[in-house]
Amino acid sequence: MMIAGKLGAVGVSIIGLMTLAGVTPASATPDAKPCAYSESGGRAWYNHCTSDGSHIQIMVTLTVGGNVGPICVKPGENDLGPSWRTKGAFYNGKLC
């Protein structure tokens with residue numbers, strides 16, 4: 001119990017130092033999109049979460065017409081257009 005309490009305080013201190021240094025934890029960014037497909041603000045997004053800078057191929061599933069792609073996306077958030085037109089998107093396992 002004593003160790004867990006000390007670890008908790010250390011974790012809070014590290015987050016406090018990161019915030020003071022200008023680094024914010026991922027959970028502290030309210031506008032950040034989740035990894036992979038999501039919708040917000042009437043738009044469809046594919047967020048390619050990577051640390052290696054890779055570009056990947058995705059397939060986009062439209063509400064009418066099935067799959068479109070492959071589409072090459074860069075690391076980070078990629079706007080796929082209006083959300084009314086898109087049902088989803090998925091990584092097809094290939095780099096581009």
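Of the 96 residues in this protein, 26% count as buried. The model is predicted. Its accessible surface amounts to about 6,400 Å², and carbon and sulfur atoms account for 65% of that area.

## Fold

The protein has one helix and six strands. Read from the N terminus, the order of elements is α-β-β-β-β-β-β, so the helix precedes the strands in an arrangement of helices and strands as assigned by DSSP. Among contacts between residues at least 6 apart in sequence, 56% join residues at least 24 apart.

## Disulfides

A disulfide is a covalent bond between the sulfur atoms of two cysteines. The structure contains two of these links. Counted along the chain, the bonded cysteines pair in the pattern 1-2, 3-4.

| Disulfide | S to S distance | Torsion about S-S | Hand |
|---|---|---|---|
| C35 and C49 | 2.0 Å | -105° | left-handed |
| C72 and C96 | 2.0 Å | about 85° | right-handed |

The first row of the table concerns C35 and C49, which are joined with an S to S distance of 2.0 Å. C35 sits in the loop between α1 (2–20) and β1 (36–40), while C49 sits in the loop between β2 (43–48) and β3 (56–62); the bond therefore ties together parts that are 14 residues apart in sequence. The torsion of -105° about the S-S bond makes the link of C35 and C49 left-handed.

How exposed is C49? Its relative accessibility is 41%. Buried means under 20% and exposed means over 50%, so C49 counts as partly exposed.

The other disulfide is formed by C72 and C96, with sulfur atoms 2.0 Å apart. C72 belongs to strand β4 (residues 66–73) and C96 to the segment after β6 (86–95), so this pair ties together parts that are 24 residues apart in sequence. A torsion of about 85° about the S-S bond makes the disulfide of C72 and C96 right-handed.

Are the cysteines of this pair buried, partly exposed or exposed? C72 has 43% relative accessibility and therefore counts as partly exposed. C96, at 44% relative accessibility, also counts as partly exposed.

## Summary

The predicted model combines one helix with six strands and holds two disulfides. One of them links two loops, through C35 and C49; the other links strand β4 to the segment after β6, through C72 and C96.

How values were computed. Residues numbered from 1 in each chain as written. Predicted model: local features only at pLDDT ≥ 70, side-chain atom pairs only at ≥ 80, totals over all residues. Heavy atoms only, no water. Helix = DSSP H or I, 4+ residues; strand = E, 2+ residues; numbered from the N terminus. Buried < 20%, exposed > 50% of the residue type's maximum accessible area, 1.4 Å probe, protein only. Contact = heavy atoms within 4.5 Å. Areas by Shrake-Rupley, 256 points an atom, 1.4 Å probe, with all protein chains shown as cover. Disulfide = S-S within 2.5 Å.
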